[in-house]
Amino acid sequence: MGFSTDAIHVGQEPDPATGAVVAPIYQTSTYVLEAMGQSKGYDYARTAHPNRKALERTLAKLEGGLNSFVFTSGMAAIDAVFRLLRPGDHAILSQAVYGGVFRLTTKLLTDFGLRFTYVDTSCLEKVRQAIEPATKMIYIETPTNPTMLVTDLAAIAQIAREKNLTFVVDNTFLSSYLQQPISFGAHIVVHSMTKYLNGHSDCTAGVAVVTRQEDADKIYFVQRSAGAGLAPMDCFLVSRGLKTLAVRMERHDSNGMAVAKYLAAHKKVERVIYPGLPAHPQHELARRQQRGFGGMISFDVGSAGAVRKLLNHVKLCSLAESLGGVETLISNPATMTHSSIPPDVRKQIGITDGLIRISVGIEDVEDIIADLDDALAQV
Ligand SMILES: Cc1ncc(COP(=O)(O)O)c(C=O)c1O
């Protein structure tokens, strides 16, 4: 079946007890046993519940994986994936990785004997050079947040195969609809489902989609032992959001392209970073491995002062962290999403004080552009 058919039907079969087209929210913490040691498949909601099972089936199908595990946030899912590593192990990460992942790895996981190297994974030579005997994992974002660097999925998968490394891709920025890392050889895909997969900015959630049984067993063990599995109501919300993922992404994509072209032609905008523009250095690679370019754009207005003027004047675009919802959100990575990255590291990876990140929503694109036009006039 096609992507949208799977998104609407896999894991979302009518409720066998009542025929309800939309399965009920099983808002219960525990399940009565029929007799000692005899359950109907569920005993306690931390371990498993029907809404979680349903959502995990849908996500495994959409991402082309063996199984998936959903968590209370993207960070909880990513943390579960890093628990595949053991003290002494080393992992290579994209240099411009999401600020929360930088914080988790540098400030928390290093205390447990793990080591991390951050490299520009869009440069294959740098990835090869960073590999050590203890390296066990390559973890990338493509495109990176917010610098929009594209990493060659097939080439990294080849390196991972040669060196026997686990290849993990954070697919948050494009969603399962616009990019399918497993089809290029990734072993694990993670998402902050807080973003496009849910798409309505009404819960936080994350997923790890796996392709190997051994990873499935370990991540399920983390989910039920550490207890950060996604709750019934939030599973219901994400399942509902997924049904419209394809149509939403097509609109994010077309609106994104229109806004990127508008910004690129504006004299007060110094630089637009959007892989959909032919001027982007990795435009051809993005065309090859993505179904579209999505709704995430970064652009530079030159200074923190110009950023302040613009962000204080937008009206339709909401000044907020996060991305991937139906509404347009705009932010300044240096002071918001990426403030946990030290200023010298930010500078080195291109997160300038004048950089603005916009998550283009699915409103009428003329209204988004008119709002940006009014705000840019204040700069
Ligand atoms: C690319 C990316 N990965 C992971 C995360 C973390 O997800 P969450 O906020 O759901 O924990 C984010 C959050 O902004 C993100 O942008």
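Q: Which residues come nearest to the ligand?
A: This is a predicted model, and in it G74, M75, D170, S192 and T194 come nearest, out of 14 residues around the ligand.

Q: What does G74 offer the ligand, side chain or backbone?
A: Backbone. A polar backbone atom of G74 is 2.8 Å from an oxygen atom of the ligand.

Q: And how far is the side chain of S192 from a ligand oxygen?
A: An N or O atom in the S192 side chain is 2.8 Å from an oxygen atom of the ligand.

Q: What about T194?
A: T194 also uses its side chain: an N or O atom there is 2.6 Å from an oxygen atom of the ligand.

Q: How much of the ligand's accessible area does the protein cover?
A: On its own the ligand has 390 Å² of accessible area, and the protein covers 92% of that.

Q: Which element gives the most to the shell around the ligand?
A: That's α3, with three residues.

Q: What's the mix of nonpolar, polar and charged residues in that shell?
A: Five nonpolar, six polar and three charged.

Q: OK, which pocket is the ligand's space?
A: The ligand takes up the second largest pocket. The volume of that pocket is about 360 Å³.

Q: Which residues lie nearest the centre of the second largest pocket?
A: M75, Y98, S192, T194 and K195, from a lining of 22 residues. M75, S192 and T194 are also among the residues that come nearest the ligand.

Q: Which elements give two or more residues to that lining?
A: α3 (74-82) and β6 (188-192). The largest share is from α3, which puts in three residues.

Q: And how does the lining of the second largest pocket split by class?
A: There are eleven polar residues, six nonpolar and five charged.

Q: Switching over: what's the volume of the largest pocket?
A: About 460 Å³. Its lining has 21 residues, and D15, A23, Y26, P50 and A54 are the closest to the centre.

Q: Which helices supply at least two residues each there?
A: α2 (50-63) and α9 (232-242) do. α2 gives the most, with five residues.

Q: How does the lining of the largest pocket divide by class?
A: Into eleven nonpolar, six charged and four polar residues.

Q: How many cavities of 30 Å³ or more turn up in the whole structure?
A: One. About 40 Å³ of space lies in it.

Q: What lines that cavity?
A: The lining is S94, Q95, A96, V119, D120, T121, S122, T144 and L149. By class that gives five polar, three nonpolar and one charged.

Q: T144 makes me wonder about the backbone around there. Is the peptide bond from T142 to P143 cis or trans?
A: Cis, with omega near -5 degrees. P143 is in the loop between β4 (135-141) and α6 (153-163).

Q: And the bond from N145 to P146, cis or trans?
A: Cis again, with omega near 5 degrees. P146 is placed in the loop between β4 and α6 as well.

Q: What about the phi of M148, positive or negative?
A: Positive, about 60 degrees, although M148 is not a glycine. M148 lies in the loop between β4 and α6 too.

Q: Why point those out?
A: Because most peptide bonds are trans, and most residues other than glycine have a negative phi.

Methods: Residues are numbered from 1 along each chain as its sequence is written. This is a predicted model: local features need pLDDT of at least 70, side-chain atom pairs count only at pLDDT 80 or more; totals for chains, interfaces and linings use all residues. Side-chain values use heavy atoms; hydrogens and water are left out. On a 1 Å grid over the protein atoms alone, a cavity is a set of points where a 1.4 Å probe fits but cannot get out, and a pocket is an open set with protein on both sides within 12 Å along at least five of seven lines; lining residues have an atom within 4 Å of a point. Grid points are joined across faces, edges and corners, and a volume is the space filled by probe spheres set on the points. Helices (H or I, at least four residues) and strands (E, at least two) are DSSP runs, numbered from the N terminus. Ala, Val, Leu, Ile, Met, Phe, Trp, Tyr, Cys and Pro count as nonpolar, Asp, Glu, Lys and Arg as charged, and the others, Gly among them, as polar. A residue is near a molecule or strand if one of its heavy atoms lies within 4 Å of it. A polar contact is a pair of N or O atoms within 3.5 Å; within protein, one must be able to donate a hydrogen and the other to accept it, and residues adjacent in sequence count only if both atoms are side-chain atoms. Accessible areas come from the Shrake-Rupley method with a 1.4 Å probe; for residues, only the protein chains shown count as cover. A molecule sits in a cavity or pocket if more than half of its atoms lie within 2 Å of its grid points.
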